[in-house]
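Here is a short set of exercises to work through at your own pace. Keep the sequence and the model open beside you, and try each task before reading its solution.

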Amino acid sequence: CNYKRNTGYNITFVMVTTMEMVFTASSFIFGGTNVYKEVRGVAPFLVPFLKMACVYFVLWLPDDQPSIASAFVKCLPILSLIWFVWLQGVNSYNLKILTGLVCSCLGDAALVWQGADISVFIAGMLFFACGLTCYTLAFGFSPFGLKELVAVATACVFLVGYVLTFVPEGVILYGVFGYGCLIGVMVWRALARFNLKTVIPWRKVFAAVGALLFVLSDVSLVLNKFGCSLPCERTIIMTTYYAAQLCISLSVVNSRLYLHEKDASCVH
C-alpha cells in the first residue's frame, strides 16, 4: 500500500513539474506573443484538472475492488476538463470535443468494472468509440491529407494486426478491430489538420499530440488485458490517457492563435 501511495506521489510530482516546464518553455519560445499570453491565460483553469489527477494518483484505489467511489475518483480529471472546455465557449468544434469528453467519462466509469464481465469492457469500448467519433468530426475532413492517411493506415495495419494476435476470438475480436480503425481515423484527421510548410495553429499541435497519446494508452490497455502483463501498466495507461485528454481539450482554446503569428485569418 505504501509503495502504491509513493508511486502516486511520484507521478503527481512528475505531472506538476512537466506542466511547469511547458509554461517555462513557452515563455522562452513565445514570450511577449499572443500565443504565450494565451497559454498563460488558460493555466488557472487547468488547476482543477491537475488537482483531480493528483487525487486519483495519490489515492490509487485498487482496481481489483471496483466501486462507485473508485469510478467517481477516476472520472474527476475528465469532469474537470469538461468544465474547462465549457468555459471556453460553445461553438461547433468545442461542442464536439465536449461531447467526446462526456462519452469518455462514461467509458471510464464502465471500465472500472471491466474485470467482472467482458460485456462491461465492450460497453466501455463503445462509449470510447463514440468519443473518438466526436473528436474525428471535430477535427473535420479538410484538408484530405493523403500522405498522413498512407502513413497512419500503414502503421495501423501492423499495430492493429499485432494487437489482435492477443485478443480472443468472438465479438471482442471484431470490436477491437473496429475500435482500432476508429482511432486510426482520428489520428489521421488530427495529423492532416496542419501543414508544416505553413503557419501552425498551436491548438492543432495539441490535438495531434493528444491523438497519438490516445493510441499509446489504448494499445497499452488492450495488451495488458489480453496479452502479457506490462510493468507499471496502470501508471502507463492512466498517465498517457489523462495527458491525451488534456491535449485534446487544449485544442479548443482561442482558435486564432498561431505558432508563427503571420496569419490570423483562419479558424478551426
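Accessible areas come from the Shrake-Rupley method with a 1.4 Å probe, and for residues only the protein chains shown count as cover. This is a predicted model, in which local features need pLDDT of at least 70 and side-chain atom pairs count only at pLDDT 80 or more, while totals for chains, interfaces and linings use all residues. Residues are numbered from 1 along each chain as its sequence is written, and side-chain values use heavy atoms, with hydrogens and water left out.

**Exercise 1. The whole chain**

Task: describe the surface, the burial and the secondary structure of the chain.

Solution. Start with the surface: the chain exposes about 13,300 Å², and carbon and sulfur atoms supply 71% of that area. Next comes burial, where buried means under 20% relative accessible area, exposed over 50%, and partly exposed in between (1.4 Å probe, protein chains only). Of the 268 residues, 46% count as buried. Then count the elements, taking helices (H or I, at least four residues) and strands (E, at least two) as DSSP runs numbered from the N terminus. The chain has 10 helices and 0 strands.

**Exercise 2. Backbone surprises in the loops**

Task: find a cis peptide bond and two positive phi values, and place each in the chain.

Solution. Recall the background: most residues other than glycine have a negative phi, and most peptide bonds are trans. Now look at serine 142 and proline 143, which are joined by a cis peptide bond with omega about 0°. Proline 143 sits in the loop between α6 (118-139) and α7 (146-164). For phi, go to tryptophan 60, where the value is near 45°. Tryptophan 60 belongs to the loop between α3 (47-59) and α4 (68-87), and is buried at a relative accessible area of 9%. Finish with cysteine 232, whose phi is about 55°; its loop runs between α9 (202-226) and α10 (233-250).

**Exercise 3. The nonpolar core**

Task: which residues have the most contacts inside the largest nonpolar core?

Solution. First fix the term: a nonpolar core is a set of buried Ala, Val, Leu, Ile, Met, Phe, Trp, Tyr and Cys residues joined through side-chain atoms within 4.5 Å. The largest such core holds 60 residues, and Ile97 and Phe214 have the most contacts inside it. Helix α9 provides the largest share of this core, 10 residues. Now inspect phenylalanine 214, counting as contact any heavy atoms within 4.5 Å. Setting aside neighbours within four places in sequence, its partners include Phe128, Tyr179, Met186 and Tyr241.

**Exercise 4. Pocket and cavity**

Task: compare what lines the largest pocket with what lines the largest cavity.

Solution. Begin with the search, run on a 1 Å grid over the protein atoms alone: a cavity is a set of points where a 1.4 Å probe fits but cannot get out, a pocket is an open set with protein on both sides within 12 Å along at least five of seven lines, and lining residues have an atom within 4 Å of a point. Grid points are joined across faces, edges and corners, and a volume is the space filled by probe spheres set on the points.

- The largest pocket contains about 1,000 Å³ of space.
- Its lining has 45 residues, with Leu111, Ser217, Leu221, Val222 and Ile237 nearest the centre.
- Helix α9 gives the most to that lining, 9 residues.
- The largest cavity contains about 30 Å³.
- Val85, Trp86, Gly89, Val90, Asn94, Leu95 and Leu98 line the largest cavity.
- Helix α5 (92-111) supplies the largest share of the cavity lining, 3 residues.
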